[in-house]
Amino acid sequence: PRPAPRVPLRFIVGAFCVPIGIGAQIPVTPARAVPPTLPIDRVIAVVGDQPLLWSDVLTAINQRRAQGLKLPTDSAEQTKLATTVLGELVDEEILVQKAKEMKLEVTDADITSGADRQIKQVRSQFQSDEEYRAELKKAGLGTPEEYRKSLIEQYRRQNLQQKAFAELKKKAKPVNITEEEISKAFEQSRTELQKRPATITF
């Protein structure tokens, strides 16, 4: 299955919380910037009653590395990457919890077939099992068995996210914004900007 749409849930919650009350049901502890030097393992955010650990962020980053992500060398960029990944994990957990609340389910066949296809694709990039195992370990993904297990869980969550997102979209009240409203907002913003004194920043 394709990954769930990457739309920040902080915006989705704002759109959906009035008709279905998701914001009240799944409180999220505000996520702060996460320095890469934090010790393993530590709770860095809580979604509902589900804690998100620093190791969860590292695992997610390692999965992206296995898919070709190049890690930044600058510490500020590393912190930015970790914070972005944490925000994505929070969004994903909100959808997973909402899917459980809606009693949405996924079949093992849908999950394992997708995971096995990806494993086959990754494995084809290496000439031997030894090289494949070494690269998995180097990327922090453990053994092939551990990698498959984590991948199946990842696909399960993605499938639940997709189903929850689809259900939430059905229940969302459409908001129609007219050209007149856009022009009015633009003019108001321009007027407010003109009132601000000029500043110089470095």
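**View 1. Gln118 in helix H5 of the predicted model.** Gln118 belongs to helix H5, which covers residues 108–123, in a model that is predicted. With a relative accessible area of 16%, Gln118 is buried, since the cut-off for a buried residue is under 20%. Once its neighbours within four places in sequence are set aside, the residues in contact with Gln118 are Gln67, Tyr147, Leu151 and Tyr155. Of these, Tyr147, Leu151 and Tyr155 carry numbers that fall within helix H7, residues 144–171, and that helix returns in a later view.

**View 2. The whole chain, as a setting for the close-ups.** The chain contains eight helices and two strands, and, when it is read along the sequence, these elements follow the pattern α-α-β-β-α-α-α-α-α-α. Of its 202 residues, 32% count as buried, and Gln118 is one of the buried residues. Among the contacts between residues at least 6 apart in sequence, 68% join residues that are at least 24 apart. The chain exposes about 13700 Å², and carbon and sulfur atoms supply 54% of this area.

**View 3. The packing of helix H4 against helix H7.** Helix H4, made of residues 75–101, packs with helix H7, made of residues 144–171, at an angle of about 75°, and the axes of the two helices are 8 Å apart. The two helices are therefore roughly perpendicular to each other, because an angle from 65 to 115 degrees is placed in that class. On the side of H4, the residues that take part are Glu92, Glu93, Leu95, Val96, Lys98 and Ala99, and they meet Arg157, Leu160, Gln161, Ala164, Phe165 and Leu168 in H7. Sorted by class, this contact of H4 with H7 has seven nonpolar residues, one polar residue and four charged residues.

**View 4. The hairpin of strands S1 and S2.** Strand S1, residues 43–47, and strand S2, residues 50–53, pair in the antiparallel sense over four bridges. Val43 stands opposite Leu53 in S2, while Val47 stands opposite Gln50 in S2. The two strands form a hairpin with two residues between them, and in the turn Gly48 has a positive phi of about 65°.

**View 5. Asp49 in the loop of the hairpin.** Asp49 has its place in the loop between S1 and S2, and, with a relative accessible area of 70%, Asp49 is exposed, since the cut-off for an exposed residue is over 50%. The C-alpha atom of Asp49 is separated by 9.8 Å from that of Gln97, although the two residues are 48 residues apart along the chain.

**View 6. Lys103 in the loop between H4 and H5.** Lys103 has its place in the loop that lies between H4 and H5, and, at 70% relative accessibility, Lys103 counts as exposed. Most residues other than glycine have a negative phi. Lys103, however, has a positive phi of about 60° although it is not a glycine.

Technical notes: Residues numbered from 1 in each chain as written. Predicted model: local features only at pLDDT ≥ 70, side-chain atom pairs only at ≥ 80, totals over all residues. Heavy atoms only, no water. Buried < 20%, exposed > 50% of the residue type's maximum accessible area, 1.4 Å probe, protein only. Contact = heavy atoms within 4.5 Å. Areas by Shrake-Rupley, 256 points an atom, 1.4 Å probe, with all protein chains shown as cover. Axes fitted to C-alpha atoms, helices over the stretch in contact; angles between N-to-C directions. Parallel < 35°, antiparallel > 145°, perpendicular 65-115°, else oblique. Nonpolar A, V, L, I, M, F, W, Y, C, P; charged D, E, K, R; others polar. Pairing = 2+ DSSP bridges.
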